Amino acid sequence: MRTSAFAPKRRGLITDSAFERLYVVRGHSVVRVAGRELGSQHRDALYAVFRLGHESETRKDDESPVGYTRHLKVDTTWRELLKVMGLTQHVNNIAALHFTFEDIKKVVVTVYEGDETRLLEQYRQGKLPKTKGKMGNLLNDVEWDGLGLDDCVRVYYGDWTATMVMSAKLVSLNADVQFALSSDYAKSFWPYIDSLHRHNWVDEDRLAELVGRDLWNETENANTRRDFRSKCRKAFEDMVRAGGLRSWKVDVRGDGRKKTHRYSYDHALNEQPELPLLDQKSA
């Protein structure tokens, strides 16, 4: 059940509308993603939207009890979005980003707040968790004037979306590092590491959770664990190359087939978040 909200890959994603996945935020909540599987490109697109300045806008909504809803609006262009994501400013990438937004719109995110152990137990029993929660789409609406590089794009999302994504540590605080990463595993690990500047180590079981794996279940064996650890090493090297970490090392803990790895690291960045989110208003 403990799986990442974003798969560490860009291809071969599950597009079945019956798909669902749980992301556990320890000591905080359980996040359920339903509608299709999301990958690294979806995380990057969301991060690009959140990274840009926004303004608050009230829009008429006949389905709302008060007749309107409040959204956060990002006014940008396809060129600016591609630039923020570190992608080549080419019309082919506009088409890819267009379909990425379409994928995101198919997903419903439900957040159940409370102790994750109790929430997971209720969920496995087929019960609806009796706790505080919220449900919504990651993006409300995406509008554009055309599909040229300098055509205007308007993206609307709710303030709860940004709060949920940040509190669940699903996106990085630092744009330069996030988009400089080439490893999909690094893109899954870095937001968690980046959000915990007072920490300097992480166990491999937690890293496995972030990419949707349980290293000790029946589907894993010595070969798959060896492959996972190889991907972890490459991910940490990628985080150093991208400027997020100064250095890292791995220590083996325990004995026998159940020995585990702990990854220690030194942050290369200060603690000042770069992501503007809810406290910044566009002119």
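**Note on the predicted model**

1. Strand 9 pairs with strand 11 (residues 260-267) in the antiparallel sense, over three bridges. The model discussed here is a predicted one. Across this pairing, Asp-203 stands opposite Arg-262 of strand 11.

2. The two strands belong to an open sheet of three strands, ordered 9-11-10 and paired antiparallel. Its edges are formed by strand 9 (201-203) and strand 10 (245-253), each of which pairs on one side only. On average, neighbouring strands of the sheet are turned by 20° against each other, direction ignored. In general terms, strands of a sheet pair through backbone hydrogen bonds, in either a parallel or an antiparallel manner.

3. A helix accompanies this sheet. Helix 9, residues 222-241, lies across strand 9, strand 10 and strand 11. With respect to strand 10, helix 9 runs at about 160°.

4. As regards the protein overall, there are nine helices and eleven strands. Of its 283 residues, 49% are buried. Among the contacts with a separation of 6 or more, 63% are between residues 24 or more positions apart.

5. Helix 4 (residues 116-124) merits a closer reading. Its buried residues include Glu-116, Leu-119, Leu-120, Gln-122 and Tyr-123. Seen down the axis of helix 4, the buried residues fall within an arc of 160°, and they therefore line one face of the helix. As a general point, an α-helix has 3.6 residues a turn, so residues three or four places apart point the same way.

6. Both ends of helix 4 can be described. At its start, a side-chain oxygen of Asp-115 reaches to within 3.3 Å of the backbone nitrogen of Thr-117. After the helix comes Gly-126, which has a positive phi, near 80°.

7. Asp-44 is a charged residue to inspect in helix 1 (residues 40-51). Is Asp-44 buried or exposed? Asp-44 has a relative accessible area of 4%; this is under 20%, so the residue counts as buried. Its side chain makes a polar contact, at 3.1 Å, with the side chain of Lys-187. Not counting residues up to four places away in sequence, Asp-44 touches Arg-10, Met-85, Gln-178, Phe-179 and Lys-187. Lys-187 thus appears both as the polar partner and among the residues touched.

8. Leu-38 is located in the loop between strand 2 (29-34) and helix 1. Leu-38 is buried, its relative accessible area being 2%. Which residues surround Leu-38, leaving aside its neighbours within four places in sequence? They are Ala-5, Phe-6, Ala-7, Leu-13, Val-33, Asp-103, Ile-104, Val-107 and Leu-138, each in contact with Leu-38. A further distance concerns Ile-14: Leu-38 and Ile-14 are 24 residues apart in sequence, and their C-alpha atoms are 8.1 Å apart in space.

9. Finally, the cysteines. How many disulfides are counted? The count is zero, the criterion being a pair of cysteine sulfur atoms within 2.5 Å. Two cysteines may be described by their exposure. Cys-152 has a relative accessible area of 36% and is partly exposed, whereas Cys-232 is buried, at 0% relative accessibility. Cys-232 falls within the residue range of helix 9, 222-241.

Methods. Residues numbered from 1 in each chain as written. Predicted model: local features only at pLDDT ≥ 70, side-chain atom pairs only at ≥ 80, totals over all residues. Heavy atoms only, no water. Pairing = 2+ DSSP bridges. Helix = DSSP H or I, 4+ residues; strand = E, 2+ residues; numbered from the N terminus. Axes fitted to C-alpha atoms, helices over the stretch in contact; angles between N-to-C directions. Contact = heavy atoms within 4.5 Å. Buried < 20%, exposed > 50% of the residue type's maximum accessible area, 1.4 Å probe, protein only. Arc of directions from axis to C-beta. Polar contact = N/O pair within 3.5 Å; in protein donor to acceptor, adjacent residues only side chain to side chain.
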